[in-house]
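Work through the exercises below with the sequence and the structure at hand, and try each task before reading its solution.

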Amino acid sequence: MRVVKSIKVLRKLLRKEKLSNHKIGFVPTMGSLHEGHLSLIRNCRRENEISILSIFINPKQFVKGDDFSSYPREEKKDIFLAKKENIDIIFFPTNKEMYSDGHSTVINVEKLSTVLCGKYRPGHFQGVTTVVGKLLNIIEPDTLYLGQKDAQQAIILKKMIDDLNWPVKVNICPTVREKNGLAMSSRNQYLSDNEKKEASILFRSLKEAKHTILSGQRDSKKIIQSIRNLITKNSSAKIQYIECVNADTLEKLTILKGKVMIALAVHLGRARLIDNIQIAVK
Ligand code: AMP
């Protein structure tokens, strides 16, 4: 396994692999690896000759009030875990390597970036698309691996790839959860044991909503209210949003039909947590 910090060195290494027609898979992360990241890495390893993991805490996707300075940084442990998974290359750039002085070009996916989390974190998705766009240009992978946990991010990145004609396949991998249902996240480290227990209500309430919809309920307002009630009754979480949207377009749904996604964001203790569930409704 190679740990590479320089774009130039990475490109040189990859040129050889491309000349040998090796399939390249790419997993972008911000590190502090957990089983969710590892599931992406395992899919990537299975489907490609060369697997690249990037670890970069991208300052441009943190907005005012976010946790950039306290975001967990676990370089040694991450390298150990990636090695165990037989990753070929870890790309670990510095801020300076990624953003030269005076960097001024951004990628912005309109509309999709302004709803759900985008409404509350303006500029966040522009930071994500800009950094992933740069990484795609540097690595030129065949397949990009993303997690369903960040469903809006995956939809936006797919749209960017499509709109900008990048020849990259996108593989969206299922959300990996703790035993109690809490979606794994590097930010779960901010939670106390008790808050982790409380946070299990997020997925429980989404599952219950799914059950209610599959039993015939089609009114999004009623579904949202029932999730809200469950969360407030069972935890100290402060709800930022709960929305029922079309799972492809992210458009709000009044009547639930087609590919439905229920997405939510809450603040619990020091952490901002997101989760979602998809339901095919006839
Ligand atoms: P992050 O390091 O949080 O930026 O995440 C890097 C990638 O891992 C993104 O594509 C995430 O959607 C994905 N990911 C994060 N948590 C999970 C999880 N619990 N299950 C599956 N994928 C995840």
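The domain bounds used here come from an automatic or database domain assignment, and the model itself is predicted.

**Exercise 1. Determine which domains the chain is divided into, and how far apart their centres lie.**

Solution. Begin with the assignment, which divides the chain into domain 1 (2-173) and domain 2 (186-281). Next, take the C-alpha centres of domain 1 and domain 2, which are 26 Å apart. Finally, turn to the residues in contact, where domain 1 contributes 23 residues and domain 2 contributes 19 residues.

**Exercise 2. Describe the area buried between domain 1 and domain 2, and find the three residues of domain 1 that supply the most of its share.**

Solution. The two domains bury about 1,800 Å² between them, and carbon and sulfur atoms give 52% of this area. Looking then at the part that domain 1 buries against domain 2, one finds that L116, Y120 and I155 supply 30% of it, more than any other three residues.

**Exercise 3. Characterise the polar side of the interface between domain 1 and domain 2, and then the make-up of the side that domain 1 presents.**

Solution. A salt bridge requires a side-chain nitrogen of Lys or Arg within 4 Å of a carboxyl oxygen of Asp or Glu. By this rule two salt bridges cross the interface of domain 1 and domain 2. The side chains of R187 and D67 form a salt bridge, with an N to O distance of 2.8 Å. The interface also has ten residue pairs in polar contact. On the side of domain 1 that touches domain 2, α5 (117-120) and α7 (151-163) each supply at least two residues. Sorted by class, that side of domain 1 has ten nonpolar, seven polar and six charged residues.

**Exercise 4. Place the salt bridge of R42 and E85 within the whole chain.**

Solution. The structure as a whole holds twelve salt bridges. In the one between R42 and E85, the closest N and O atoms are 2.8 Å apart. R42 belongs to helix α2 (residues 35-47), whereas E85 lies in the loop between α3 (75-84) and β4 (89-91), so that the pair links distant parts of the chain, 43 residues apart.

**Exercise 5. Explain why the chain can be called as compact as a globular protein of its length.**

Solution. The chain has nine helices and nine strands. Its radius of gyration is 19 Å, close to the 19 Å that the globule rule gives for 282 residues, and therefore the chain is as compact as a globular protein of that length.

Methods:
Residues are numbered from 1 along each chain as its sequence is written. This is a predicted model: local features need pLDDT of at least 70, side-chain atom pairs count only at pLDDT 80 or more; totals for chains, interfaces and linings use all residues. Side-chain values use heavy atoms; hydrogens and water are left out. Contact means heavy atoms within 4.5 Å. Buried area is the accessible area (1.4 Å probe) that two parts lose on being put together, summed over both. A polar contact is a pair of N or O atoms within 3.5 Å; within protein, one must be able to donate a hydrogen and the other to accept it, and residues adjacent in sequence count only if both atoms are side-chain atoms. Helices (H or I, at least four residues) and strands (E, at least two) are DSSP runs, numbered from the N terminus. Ala, Val, Leu, Ile, Met, Phe, Trp, Tyr, Cys and Pro count as nonpolar, Asp, Glu, Lys and Arg as charged, and the others, Gly among them, as polar. The radius of gyration is taken over C-alpha atoms; the globule rule is 2.2 Å times the number of residues to the power 0.38.
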